[in-house]
Structure formats: C-alpha cells, structure tokens
Amino acid sequence: MMDTRAKAEELAKRPYVIMTSVDTSTGEQPITFARVLEMEGCFGQGDTREAATEDLRLAMMDFIESLLEDGLPVPEPTKLTLTL
C-alpha cells in the first residue's frame, strides 16, 4: 500500500492550473509568487518563475498530504476547454 507522502507526490503531479505573478513592492529584488487555482491557500515563492513554481510543487505535496491525513477530499484539476 502506498504511504501518504508517496500518494501526495503522485497526486501533485496532476495538471493543476498554476498562476504566477511578480511583486515589485518588496524593495530591490522582486519576488515571484505561484499559486494553484484549485487549492486555496497553497502558495510558493522564489526569485524566478521557475523557483516559485518549484516551491509551489513542494507546498502542493504538503497541502495534499495534510488533506489525505485528515480524510478530506483532494481537489480535482480544473478541466480547461479551448475554443478557437
């Protein structure tokens, strides 16, 4: 049987919607923030978009692991539809 952390790692790999933004009000060095649309309160940050996204991936694993431990449902990735 898969342990909770391993299951959280697998679930975090699903195609969640990740949004990034840059905060320039922090002084000399802007900070990039990343958040996942489906998980309210789950954020990452870093000096670059890539660093913020990697930090978010780690936060997502922790977030999902907490949900699993508490017996709560893990949000499904949003299904996006492109209309051309």
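**Exercise 1. Pairing in the sheet**

Which residue of β2 does Ser21 stand opposite? Place this pair within the sheet of the predicted model.

*Solution.* Ser21 has Phe33 of β2 opposite it. The next step is to look at the two strands involved: β1 and β2, the latter covering residues 31–36, run antiparallel and are joined by 6 bridges. Widening the view, one finds an open sheet of 3 strands in the order β1-β2-β3, with antiparallel pairing. Because β1 (18–23) and β3 (43–46) each have a single partner strand, they stand at the edges, and one side of each is left without a neighbour in the sheet. From one strand to the next, the twist averages 20°.

**Exercise 2. The order of elements and the chain as a whole**

Determine how the elements follow one another along the chain, and describe the chain's overall extent and burial.

*Solution.* Counting elements gives 2 helices and 3 strands, and reading from the N terminus on gives the order α-β-β-β-α. The C-alpha trace spans about 50 × 35 × 20 Å along its principal axes. Of the chain's 84 residues, 27% count as buried, while the surface that the chain exposes comes to about 6000 Å², with carbon and sulfur atoms supplying 54% of it. Turning to contacts with a separation of 6 or more, residues 24 or more positions apart account for 39% of them.

**Exercise 3. The buried face of α1 and the place of α2**

Which residues of helix α1 are buried, and what does their cover include?

*Solution.* In α1, which comprises residues 4–12, the buried residues are Ala8, Leu11 and Ala12. Seen down the helix axis, these buried residues fall within an arc of 95°, so they line one face of α1. Their cover includes α2, which covers residues 49–69. As for the sheet, α2 lies across β1, β2 and β3, and runs at about 145° to β3.

**Exercise 4. Two glutamates of α2**

Compare Glu65 with Glu69: is each of them buried or exposed, and how is each placed with respect to residues distant in sequence?

*Solution.* Begin with Glu65, which lies in helix α2. Its relative accessible area is 17%, and since buried means under 20%, Glu65 is buried. Leaving aside neighbours within four places in sequence, Glu65 is in contact with Thr4, Arg5 and Ala8; of these, Ala8 is one of the buried residues of α1. Now take Glu69, whose place is also in helix α2. Glu69 has a relative accessibility of 53% and, because exposed means over 50%, it counts as exposed. Although Glu69 and Thr4 are 65 residues apart in sequence, they are 7.2 Å apart in space, C-alpha to C-alpha.

**Exercise 5. The nonpolar core**

Which residues have the most contacts inside the largest nonpolar core, and which element gives the most to this core?

*Solution.* The largest nonpolar core has 16 residues, and those with the most contacts inside it are Val36, Met39, Cys42, Met60 and Ile64. The elements that give two or more residues to this core are α1, β2 and α2, and α2 gives the most, with 7 residues. To examine one of these core residues in detail, take Met39: not counting residues up to four places away in sequence, Met39 touches Tyr16, Met60, Phe63, Ile64 and Pro75. For context, nonpolar side chains tend to be buried together in soluble globular proteins.

Terms used:
Residues numbered from 1 in each chain as written. Predicted model: local features only at pLDDT ≥ 70, side-chain atom pairs only at ≥ 80, totals over all residues. Heavy atoms only, no water. Buried < 20%, exposed > 50% of the residue type's maximum accessible area, 1.4 Å probe, protein only. Helix = DSSP H or I, 4+ residues; strand = E, 2+ residues; numbered from the N terminus. Arc of directions from axis to C-beta. Contact = heavy atoms within 4.5 Å. Pairing = 2+ DSSP bridges. Axes fitted to C-alpha atoms, helices over the stretch in contact; angles between N-to-C directions. Core = buried A, V, L, I, M, F, W, Y, C linked by side-chain atoms within 4.5 Å. Areas by Shrake-Rupley, 256 points an atom, 1.4 Å probe, with all protein chains shown as cover.
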